[in-house]
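Let us take a walk through this protein together, one stretch at a time. Have the structure open beside you and follow along.

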Amino acid sequence: MRTIAVFASGTGSNCENIIRYFAGSEDVRVGLVLCNKANAPVVEKARQRDVPTVIMGKKSFNDPASLLPILREHGIELIVLAGFLLMIPDYLLAAFPRAVINIHPSLLPKYGGKGMYGHHVYEAIWEHHEKETGMTVHWVTGEYDGGEIIAQYRVALSPDDTLETIATKEHELEMKHFPQVIEKVVRERFANQ
């Protein structure tokens, strides 16, 4: 059994979907949800599903002495960012080499980088009249959205699409594919252990 942590900052729809997907799995379990905002809806969603939850502000998050013992205590082997808005510090990437993945709501490298998250991404896609969009899962590095791409999924757009329909189409891809990509990453990463 491999244990993952989900880091999230907002509503937690991806986090809840991941928890639900791995419920009852013999291979992967969500052992921890970490959030940087005490009042974020993801906190209550994780607690309702009996997943240990930690609230950690930016200062503590950037302190190895605060975060690393918690991850060790919960036996975390892979970290999944699901709408987590803090930059991942170098010490965490060093402690979890090639073991931190992120989801991004566009087809990277388009519309990635600092400040490009959520509605900012959808607005850019809409303003540029893109004919398609999608989601990207990638390895996390010290550069915003700069890590190697693990998987991408696409969806067609039409001139009639609004910001809301663009967001809905992309979100549907996340719900369908993100947990499966996590499962594949875990399987490949720990294949020989």
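Begin where Arg2 stands opposite Val28, a residue of strand β2. Please keep in mind that this is a predicted model. The two strands that meet here, β1 and β2, pair in the parallel sense, and seven bridges join them.

Stay with β1 for a moment. In a regular strand, side chains alternate between the two faces of the sheet. You can follow this in β1, where Arg2, Ile4, Val6 and Ala8 point one way, while Thr3, Ala5 and Phe7 point the other way. What is the surrounding of β1 like, mostly covered or not? It is mostly covered, with seven of its seven residues buried.

Phe7 also leads us to the aromatic rings. The structure holds four aromatic pairs. One of them is formed by Tyr21 and Phe22: their ring centres are 5.0 Å apart and their planes meet at 85 degrees, so this pair counts as edge-to-face. The two partners are covered to differing degrees, since Tyr21 has 35% relative accessibility and is therefore partly exposed, whereas Phe22, at 3%, counts as buried. As for Phe7, ring pairs link this residue with Phe61 and Phe84 into a cluster.

Next, turn to helix α2, which spans residues 41-48 and has Val42, Val43 and Ala46 as buried residues. Why do these residues line one face of the helix? Looking down the axis of α2, you find the buried residues within an arc of 105 degrees, so they share one face. The general rule behind such patterns is that an α-helix has 3.6 residues a turn, so residues three or four places apart point the same way. And what do the buried residues of α2 pack against? Their partners are β1 (2-8), α1 (13-22), β2 (28-35) and β3 (53-55), which brings us back to the strands where we began. After α2 comes Asp50, whose phi is positive, near 60 degrees.

Now let us move further along the chain to His104, a residue of strand β5 (residues 100-104). An unreviewed UniProt entry places the feature "active site" at this residue. Is His104 buried or exposed? Its relative accessibility is 3%, so His104 counts as buried. Leaving aside residues up to four places away in sequence, His104 touches a set of residues that includes Tyr111, Gly112, Met116, Asp145 and Glu170. With Tyr111 there is a polar contact too: the His104 side chain reaches the backbone oxygen of Tyr111 at 2.8 Å.

Gly134 is also among the residues that His104 touches, and it offers a path to our next stop, Ile166. Ile166 and Gly134 are 32 residues apart in sequence, and their C-alpha atoms are 9.3 Å apart in space. Ile166 belongs to helix α7 (residues 163-189) and is buried, because its relative accessible area is 2%. Apart from residues up to four places away in sequence, its contacts are Tyr122, Ile125, Trp126, Thr133, Leu157 and Asp161.

Finally, step back to a wider view. The unreviewed UniProt entry carries the annotation "domain: Formyl transferase N-terminal" for residues 4-182. The C-alpha atoms at the two ends of this span lie 9 Å apart, and the span is 37% helix and 23% strand.

Note on methods: Residues are numbered from 1 along each chain as its sequence is written. This is a predicted model: local features need pLDDT of at least 70, side-chain atom pairs count only at pLDDT 80 or more; totals for chains, interfaces and linings use all residues. Side-chain values use heavy atoms; hydrogens and water are left out. Buried means under 20% relative accessible area, exposed over 50%, partly exposed in between (1.4 Å probe, protein chains only). Helices (H or I, at least four residues) and strands (E, at least two) are DSSP runs, numbered from the N terminus. The arc is that of the directions from the helix axis to the C-beta atoms. Contact means heavy atoms within 4.5 Å. UniProt positions are given in the numbering used here, feature names are shortened, and annotations may be inferred rather than shown by experiment. A polar contact is a pair of N or O atoms within 3.5 Å; within protein, one must be able to donate a hydrogen and the other to accept it, and residues adjacent in sequence count only if both atoms are side-chain atoms. Rings of Phe, Tyr and Trp (its six-membered ring) pair if their centres lie within 6.5 Å; planes under 30 degrees apart count as stacked, over 60 as edge-to-face and the rest as tilted. Two strands pair if DSSP finds at least two bridges between them.
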